[in-house]
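Work through the exercises below with the structure open. Each task is followed by a stepwise solution.

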Amino acid sequence: MYIDTISAISTGMGEGGIGIVRLTGPQALPILHNIFRTPGGKRKTRFESHRLYYGQIVSGGDTGELLDEVMAVYLAPPRTYTREDMVELNCHGGIVPLERVLNLTLQQGARLAEPGEFTLRAFLNGRIDLAQAEAVQDIVRSKTGPGLEQALGQLAGNLSRRIANIRQGLLSSLAHLEAMIDFPEDDVPPASVSAQLYETMAELEKLLATADAGIIYRQGIRAAIVGVPNVGKSSLLNALLRADRAIVTPIAGTTRDVIEETVNLRGVPVVLVDTAGITATEDVVEALGIERSRQALSSADLLLLVLDGSRQLEAGDLELIEAVGGELARESGKKACVILNKSDLAPRLTGPDEIKRYLPDLPVVSLSARTGERLDELEETLARLALGGQNVATHSVMVTNERHRRALAQAAEHLQAAILSGEAGLPADFISIDLRLAMENLGEITGESVQDSLLKEIFENFCIGK
Ligand SMILES: Nc1nc2c(ncn2[C@@H]2O[C@H](COP(=O)(O)OP(=O)(O)OP(=O)(O)O)[C@@H](O)[C@H]2O)c(=O)[nH]1
Ligand SMILES: [Mg+2]
């Protein structure tokens, strides 16, 4: 059990209506007694739990200086975020009042909280498991509705329950096997054990299959808009953003640096990267921009190759078509789509068929960034590509986290080894070793079996005060 008391500003830094300084630990209530005064300037020694009190925060005892006017609440365990004594001070939401109140709590004996330390305590004190704790940060960082829904479901324990079911399956197979080890007359596992192992494996694989799309919903993908100068890359970025973010002119070489903006495409967070048109140039600044375009081309998950459909393909277009083809061949996870822009003008390209000669497997969308014609078709195509062509039901439980995916994949490997041992007629203790390892992998997700170093790694990425 922790003995120190921690304090932090839990709201975002900047100006806001209110800002909250939050404390947890055994000294939270004594500190509140010391620094809180009633509107009449009196000390207050009795705070009912879960009740808001209006008053002042003063420094330096009874002759103290007024730091802020607040609403204060004391929360008695166990009905608190951390399951410890907690105090929340609702201050005015400015950096100066918040930092002064925070500093006062530190002078009074609290320690500045580490990132995620409140949630870490909630986990260590057993109020939530590790997957639920991770969901807290996912909620804060969620970029789209489906991402938020998944995170809320995970916090409510949806993923943890699925993991618990799979663990339960493993556990009951183990119990059978242990009984056989104790009474070894008949060492071949009975059919009921192997049937159960197959069933558990099917459950595991079903969950694992949601990971590709789930991780995309949580993290999003990077999409680079590439093409030669003047095809309408920046116009496309603006159209997808529905905002005039990038400068558009009829002059070739307008964009000189990469511009990044996040859009929500059918619930998938997509970081769109507009780049400088790739061409041979003498201009030093343009050349640097083009170098960045090439980097974006090789680092993005999704490539949007823009061609101007109102003119014939030129040498530069063909070089880029080749470069995109090369990227796709080099990296199997990479996706791409071809955009024939300026469909509002008279077409000069023969359309998708002409592109298919060079890039047969890519979707081709003919649209106008200027009028917005068939922009929705592009959005649909991009969302589908991002999710790997799967039709996913976002309301069911998904694995949204790479760490969880890895642990599940390892569990599946161990379970597979157990199944093979069973099929090969190996003794029961061979099988049970692998089942134990699989259980341990599942425990890494919910936190039953977890190293301190991993906890550190996970909570380091949290916000301060969360
Ligand atoms: N008719 C028509 N013109 C377009 C369309 N999209 C872009 N344009 C025009 O094409 C010109 C170039 O557009 P940009 O969006 O700046 O092109 P870009 O590919 O970003 O160009 P660079 O940044 O120079 O590489 C501008 O005059 C746009 O108004 C379209 O769909 N139809
Ligand atoms: Mg541009």
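**Exercise 1. Backbone outliers**

In which loop is the place of N230? Then check the phi of N230, and do the peptide bond between P77 and P78 as well.

Solution. Keep in mind that this is a predicted model.
- Step 1: N230 sits in the loop between strand 8 and helix 9 (233–241).
- Step 2: Its phi is positive, about 75 degrees, although N230 is not a glycine.
- Step 3: The bond joining P77 and P78 is cis, with omega at about 5 degrees.
- Step 4: P78 belongs to the loop between strand 5 and strand 6.
- Step 5: Both cases deserve a look, because most residues other than glycine have a negative phi and most peptide bonds are trans.

**Exercise 2. Domain layout**

Find how the chain is divided into domains, and give the distance between the C-alpha centres of domain 1 and domain 3.

Solution.
- Step 1: Domain 1 covers 6–113.
- Step 2: Domain 2 is written as two segments, 132–210 + 399–460.
- Step 3: Domain 3 covers 220–386.
- Step 4: The C-alpha centres of domain 1 and domain 3 are 52 Å apart.

**Exercise 3. The seven-stranded sheet**

Write down the strand order of the open sheet formed by seven strands. Name its edge strands, then follow the pairings.

Solution. Strands of a sheet pair through backbone hydrogen bonds, either parallel or antiparallel.
- Step 1: The order is 3-4-5-6-2-1-7, with mixed pairing.
- Step 2: Strand 3 (36–37) and strand 7 (111–112) are the edges, each pairing on one side only.
- Step 3: Helix 1 (residues 28–35) packs on this sheet. It touches strand 2, strand 3, strand 4 (51–59), strand 5 (65–75) and strand 6 (86–93). Its direction makes about 45 degrees with that of strand 6.
- Step 4: Strand 3 and strand 4 are antiparallel and share two bridges. F36 has I57 of strand 4 as its bridge partner.
- Step 5: Strand 4 runs antiparallel to strand 5, joined by nine bridges. Here Y53 stands opposite A72 of strand 5.
- Step 6: Strand 1 (residues 6–9) and strand 2 (residues 16–24) are antiparallel too, with four bridges. S7 faces its opposite number L23 in strand 2.

**Exercise 4. The six-stranded sheet**

Repeat the analysis for the open sheet formed by six strands. Which helices lie across strand 8 and strand 11?

Solution.
- Step 1: The order reads 9-10-8-11-12-13, and the pairing is mixed.
- Step 2: The edges are strand 9 (259–265) and strand 13 (364–366), each paired on one side only.
- Step 3: Neighbouring strands are turned against each other by 25 degrees on average, direction ignored.
- Step 4: Strand 8 (residues 221–226) pairs with strand 11 (residues 302–308) in the parallel sense, over four bridges. V226 has L305 of strand 11 as its bridge partner.
- Step 5: Helix 10 (residues 284–299) lies across strand 8, strand 10 (268–274) and strand 11. Helix 10 runs at about 135 degrees to strand 8.
- Step 6: Helix 11 (residues 315–330) lies across strand 8, strand 11 and strand 12 (335–341). Helix 11 runs at about 165 degrees to strand 11.

**Exercise 5. Helix 6 and its partners**

Describe how helix 6 packs with helix 15 and with helix 7.

Solution. Two packed helices are described by the angle between their axes and the distance between the axes.
- Step 1: Helix 6 (residues 158–182) and helix 15 (residues 428–446) pack at about 160 degrees, with axes 9 Å apart. Angles over 145 degrees count as roughly antiparallel, so helix 6 is roughly antiparallel to helix 15.
- Step 2: The crossing of helix 6 and helix 15 is left-handed. Contact residues include I163, L170 and L177 of helix 6, and L435, M439 and L442 of helix 15.
- Step 3: By class, the contact of helix 6 with helix 15 has 14 nonpolar, four polar and three charged residues.
- Step 4: Helix 6 and helix 7 (residues 191–208) also pack at about 160 degrees, with axes 10 Å apart. That makes helix 6 roughly antiparallel to helix 7.
- Step 5: Helix 6 and helix 7 cross in the left-handed sense. Among the contact residues are N165, G169 and H176 of helix 6, with Q196, T200 and E203 of helix 7.
- Step 6: The contact of helix 6 with helix 7 has seven nonpolar, seven polar and three charged residues.

Notes:
Residues are numbered from 1 along each chain as its sequence is written. Chains are lettered from A and ligands numbered from 1 in the order in which they are written. This is a predicted model: local features need pLDDT of at least 70, side-chain atom pairs count only at pLDDT 80 or more; totals for chains, interfaces and linings use all residues. Two strands pair if DSSP finds at least two bridges between them. Two residues are in contact if their C-beta atoms, placed from the backbone, lie within 7 Å. Axes are lines fitted to C-alpha atoms, for helices over the stretch in contact, and angles run from 0 to 180 degrees between N-to-C directions. Domain bounds come from an automatic or database domain assignment. Angles under 35 degrees count as roughly parallel, over 145 as roughly antiparallel, 65 to 115 as roughly perpendicular and the rest as oblique. A crossing is left-handed if the near helix is turned anticlockwise from the far one by less than a right angle, and right-handed if clockwise. Ala, Val, Leu, Ile, Met, Phe, Trp, Tyr, Cys and Pro count as nonpolar, Asp, Glu, Lys and Arg as charged, and the others, Gly among them, as polar.
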